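Work through the exercises below with the sequence and the 3D structure in view, and try each task before you read its solution.

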Amino acid sequence: MNSSSSSASGSFFGRMAESITKFSGSTVAFMAAAGIVAVWGATGPLFHYSETWQLVINTGTTIITFLMVFLIQRAQNKDSLVLHLKLNELLAATQGASNRLINAQDFSEEEIQTLHNFYCVLAQLAKKDNDLGKTHSVEEAEDNHNEKLAAHAE
């Protein structure tokens, strides 16, 4: 999919938000913000450092900060989703990888903690092996577990 065609087909707000997000992270935007602060600071003596003079910068920065929080979160959500899609593609395409981890971002906190604990155990097993080339997978661990259960049942 061509990125220019997908941007053109998006909503007006989506295109505007993406443009503002890209601009706000640029050197030009930083220099403009620094310039505004410098002009504001330089006009202090002209306005006798009045409360109104202070209120102008306080109000302006508060409004911009408030709006930028939502733009940053929107960009973060999009980046996170794209990263998950790429990782899902790698999991789906890699033979031997557990497909159960596809869309792991949708797991509950409890499920994530269970998986984290499992991978901590695998990391400990890998440390004991002293062989960096040896790998362990979820399936290998399940096979080992089933073998132990079968041996114990006999």
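**Exercise 1.** Decide whether Ala33 counts as buried, partly exposed or exposed, bearing in mind that the model is predicted.

Solution. Begin with the relative accessible area of Ala33, which is 40%. Next, recall the cut-offs, by which buried means under 20% and exposed means over 50%, with partly exposed in between. Ala33 is therefore partly exposed, because its value of 40% lies between those two limits. To place the residue, follow the chain to helix 3, which covers residues 27-42 and contains Ala33. Finally, look across to Thr61, which is 28 residues away from Ala33 along the chain, and note that the C-alpha atoms of the two are separated by 9.8 Å.

**Exercise 2.** Find where His48 and Tyr49 sit, and describe the backbone and the exposure of each residue.

Solution. First locate His48, which is found in the loop between helix 3 and helix 4, the latter spanning 51-93. Tyr49 also has its place in the loop between helix 3 and helix 4. Then turn to the backbone: phi of His48 is near 55°, a positive value in a residue other than glycine, and Tyr49, likewise not a glycine, has a positive phi of about 50°. Last, apply the cut-off of 50%: His48 is exposed because its relative accessible area is 67%, whereas Tyr49, with 48%, is partly exposed.

**Exercise 3.** Which kinds of elements does the protein have, and what percentage of its residues is buried?

Solution. Counting the elements gives 6 helices and 0 strands. Of the 154 residues in the protein, buried ones make up 8%.

Note on methods. Residues are numbered from 1 along each chain as its sequence is written. This is a predicted model: local features need pLDDT of at least 70, side-chain atom pairs count only at pLDDT 80 or more; totals for chains, interfaces and linings use all residues. Side-chain values use heavy atoms; hydrogens and water are left out. Helices (H or I, at least four residues) and strands (E, at least two) are DSSP runs, numbered from the N terminus. Buried means under 20% relative accessible area, exposed over 50%, partly exposed in between (1.4 Å probe, protein chains only).
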